[in-house]
Amino acid sequence: MTDVEKQAIEAALFWNEEGFNKRDRNISVDLMHFPHVRLWNNQFSIFNSAEEFLTGFDLQTKKLKQEGWTHTVTKDIKAVQYDDSKVHLLLLQSRRNKHDVEIENFQTLWIMTKIDGKWGIKFRSSFVAGASQISETTI
């Protein structure tokens with residue numbers, strides 16, 4: 001594995017563990033690049049800024065809790081394509097409840113980009129059936 005792949009994977013895992021799982025707004029947006037694009041349910045959501053992304057953050061947290069979610073485990077992550085400033089990652093995610101029992105697992109593709117020396121998530125596409133965050137700007 002190259003240093004580029006390692007750096008992108010480390011940033012993705014940190015976002016998931018410290019941002020998404022702990023529902024930390026600052027870490028979440030700090031490790032994303034905007035505009036940020038999300039493909040879910042065959043619809044593109046475009047978050048033009050951190051502020052736009054955070055608009056739906058609390059609603060997603062509420063929906064996750066209603067599903068019994070407490071955390072997401074990355075069961076597998078690998079880089080499938082890369083250059084010095086972009087890495088395509090394939091992840092297998094497992095949403096879990098407080099007893100660490102899997103609620104749902106799904107595959108997802110993340111595109112990590114290095115902008116101004118910092119890795120961040122630019123694009124996410126997943127096959128998750130449960131709670132997901134979408135934007136008001138869709139195509």
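These exercises, with worked solutions, walk through one predicted model.

In this predicted model, local features need pLDDT of at least 70 and side-chain atom pairs count only at pLDDT 80 or more, while totals for chains, interfaces and linings use all residues. Residues are numbered from 1 along each chain as its sequence is written, and side-chain values use heavy atoms, with hydrogens and water left out.

**Exercise 1. The helix H1**

Task: Check the span of helix H1 against the expected span, then list its buried residues.

Solution.
- Step 1. Helices (H or I, at least four residues) and strands (E, at least two) are DSSP runs, numbered from the N terminus.
- Step 2. Helix H1 covers residues 3–20, which makes 18 residues.
- Step 3. The expected span of a helix is 1.5 Å times one less than its number of residues. For H1 this gives 26 Å.
- Step 4. The end C-alpha atoms of H1 are 24 Å apart, which agrees.
- Step 5. Now use the burial classes: buried is under 20% relative accessible area, exposed is over 50%, and partly exposed lies in between (1.4 Å probe, protein chains only).
- Step 6. The buried residues of H1 are Val4, Glu5, Ala8, Ile9, Ala11, Ala12, Trp15, Asn16, Gly19 and Phe20.
- Step 7. Recall the general rule: an α-helix has 3.6 residues a turn, so residues three or four places apart point the same way.

**Exercise 2. The sheet**

Task: Give the strand order of the sheet and name its edge strands.

Solution.
- Step 1. Two strands pair if DSSP finds at least two bridges between them.
- Step 2. Six strands form an open sheet, in the order S2-S1-S6-S5-S4-S3. The pairing is mixed.
- Step 3. The edges are strand S2 (43–47) and strand S3 (71–82). Each has a single partner strand, so one side of each has no neighbour in the sheet.
- Step 4. From one strand to the next, the twist averages 25°. Angles run from 0 to 180 degrees between N-to-C directions, and axes are lines fitted to C-alpha atoms, for helices over the stretch in contact.
- Step 5. Strand S1 (residues 32–40) and strand S6 (residues 118–126) pair in the parallel sense, over four bridges. Here Leu39 stands opposite Ser125 in S6.
- Step 6. S4 and S5 are antiparallel, with 11 bridges. Leu91 stands opposite Thr108 in S5.
- Step 7. S5 and S6 also run antiparallel, joined by eight bridges. Lys114 has Trp119 in S6 as its bridge partner.
- Step 8. Place H1 on the sheet. H1 lies across S1, S3, strand S4 (86–96), strand S5 (102–115) and S6. H1 runs at about 160° to S3. Contact means heavy atoms within 4.5 Å.

**Exercise 3. Backbone exceptions**

Task: Find the cis peptide bond, and describe the positive phi values of Asn41 and Asp116.

Solution.
- Step 1. Start from the rule: most residues other than glycine have a negative phi, and most peptide bonds are trans.
- Step 2. The peptide bond from Phe34 to Pro35 is cis, with omega near 0°. Pro35 sits in strand S1.
- Step 3. Asn41 is not a glycine, yet its phi is about 55°. Asn41 belongs to the loop between S1 and S2. At 62% relative accessibility, Asn41 is exposed.
- Step 4. Asp116 has a phi near 50°. This residue is in the hairpin of S5 and S6, with two residues between the strands. Its relative accessible area is 82%, so Asp116 counts as exposed.

**Exercise 4. Salt bridges**

Task: Describe three of the six salt bridges.

Solution.
- Step 1. Apply the cut-off: a side-chain nitrogen of Lys or Arg lies within 4 Å of a carboxyl oxygen of Asp or Glu.
- Step 2. Lys22 and Glu18 have their closest N and O atoms 2.7 Å apart. Lys22 is exposed at 54%, and Glu18 is partly exposed at 24%.
- Step 3. For Arg25 and Asp58, the closest N and O atoms are 2.9 Å apart. This pair links distant parts of the chain, 33 residues apart: Arg25 in helix H2 (residues 25–30) and Asp58 in helix H4 (residues 57–66).
- Step 4. For Asp100 and Arg96, the distance between the closest N and O atoms is 3.6 Å. Asp100 is partly exposed at 42%, whereas Arg96 is buried at 15%.
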